[in-house]
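Good morning, colleagues. Please bring the sequence and the structure up on your screens, and I will take you through some salt bridges, helix contacts and single residues.

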Amino acid sequence: MKLICPVSGTENEDREQCKQCGTDLRPLIQVSEFPDSLFREGVECLNEGRLQDALEILSTAVSITPDSADIHWKLADVFAGLGQYDHALRHMDRAIALAPDSAEIQGARQVLQQAREHVLSGIALTHTRARR
């Protein structure tokens, strides 16, 4: 990981101290790893079915690193799990914009769109039956 020393402006790679001035770079390392830590925690919550916790954690992560396709993708999964398909599709579209060559994300978006249509058709069918 490359870090720029805030004191000397020197680029340092995989070092805990600046190679030029000796400044402690560990706080910068911790800050730079924070979004990844949030992502892992959010995915863990998602996998455990703790969707509200996952939503809060991943929303924080995406506010720090808005250009992460993975975070947007997982947020889409959370919103889908909460039945908020329009929010889910917006995050999935953002993930695709950030990683347009990812066939995996594109496939996940198709599945998400089908799930949304299935839910909407079920709602329409229920509504039609209720009116009879």
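D53 has a relative accessibility of 33%, so it counts as partly exposed. I should say at once that this is a predicted model. The side chain of D53 meets that of R50 in a salt bridge, at 3.1 Å from N to O. R50 is likewise described as partly exposed, its relative accessible area being 36%. This pair does not stand alone, since salt bridges with shared partners link E48, R50 and D53 into one network.

How many salt bridges does the model contain by this rule? The count is eight. Let me mention two others. R26 pairs with D24, and the closest N and O atoms lie 2.9 Å apart. R26 is partly exposed at 43% relative accessibility, and D24 is partly exposed with a relative accessible area of 36%. E11 forms a salt bridge with K2, where the closest N and O atoms are 3.7 Å apart. Here E11 is partly exposed, at 42% relative accessibility, while K2 counts as exposed, at 55%.

I turn now to the helices. Two packed helices are described by the angle between their axes and the distance between those axes. I shall give both values for each pair.

I begin with helix α1, residues 26-47, and helix α2, residues 51-64, which pack at about 160 degrees with their axes 8 Å apart. Angles over 145 degrees count as roughly antiparallel, and α1 and α2 are therefore roughly antiparallel to each other. Their crossing is left-handed. On the α1 side, the contact is made by F34, P35, L38, F39, E41, G42, C45 and L46. On the α2 side, the residues are L51, D53, A54, I57, L58, T60, A61 and I64. D53 thus appears again, as one of the α2 residues in this contact. By class, the residues of the contact of α1 with α2 comprise 12 nonpolar, two polar and two charged.

How do α1 and α3 pack, and at what angle? Helix α3 covers residues 69-81, and the angle between α1 and α3 is about 20 degrees, with the axes 11 Å apart. That angle makes α1 roughly parallel to α3. The crossing of α1 and α3 is left-handed. From α1, F39, V43 and L46 meet D70, I71, K74, D77 and V78 of α3. The residues of this contact divide into five nonpolar, no polar and three charged. Please note F39 and L46 in particular: they are among the α1 residues that meet α3, and they are also among those that make the contact with α2.

The remaining pair is α3 with helix α4, residues 85-98. These helices pack at an angle of about 165 degrees, and their axes are 8 Å apart. That makes α3 roughly antiparallel to α4. Once more, the crossing is left-handed. From α3, the contact involves A69, H72, W73, L75, A76, F79 and A80. From α4, it involves Y85, H87, A88, H91, M92, R94, A95 and L98. The residues of the contact of α3 with α4 divide into 11 nonpolar, three polar and one charged.

Let me close with two single residues. The first topic is L3, which sits in strand β1, residues 2-4. Is L3 buried or exposed? With a relative accessible area of 9%, L3 is under the 20% cut-off, so it is classed as buried. Leaving aside residues up to four places away in sequence, L3 touches T10, E11, N12, L25, L28, I29 and S32. E11, one of these contacts of L3, is the residue we met in the salt bridge with K2. As for its position relative to I96, L3 is 93 residues away in sequence and 28 Å away in space, C-alpha to C-alpha.

The other topic is D14, in the loop between β2, residues 11-13, and α1. What is notable about the backbone here? Most residues other than glycine have a negative phi. D14 is not a glycine, yet its phi is positive, at about 50 degrees. D14 counts as exposed, since its relative accessibility is 62%.

That concludes my presentation, and I thank you for your attention.

Note on methods. Residues numbered from 1 in each chain as written. Predicted model: local features only at pLDDT ≥ 70, side-chain atom pairs only at ≥ 80, totals over all residues. Heavy atoms only, no water. Axes fitted to C-alpha atoms, helices over the stretch in contact; angles between N-to-C directions. Helix = DSSP H or I, 4+ residues; strand = E, 2+ residues; numbered from the N terminus. Parallel < 35°, antiparallel > 145°, perpendicular 65-115°, else oblique. Left-handed = near helix turned anticlockwise from the far one by under 90°. Contact = heavy atoms within 4.5 Å. Nonpolar A, V, L, I, M, F, W, Y, C, P; charged D, E, K, R; others polar. Buried < 20%, exposed > 50% of the residue type's maximum accessible area, 1.4 Å probe, protein only. Salt bridge = Lys/Arg side-chain N within 4 Å of Asp/Glu carboxyl O.
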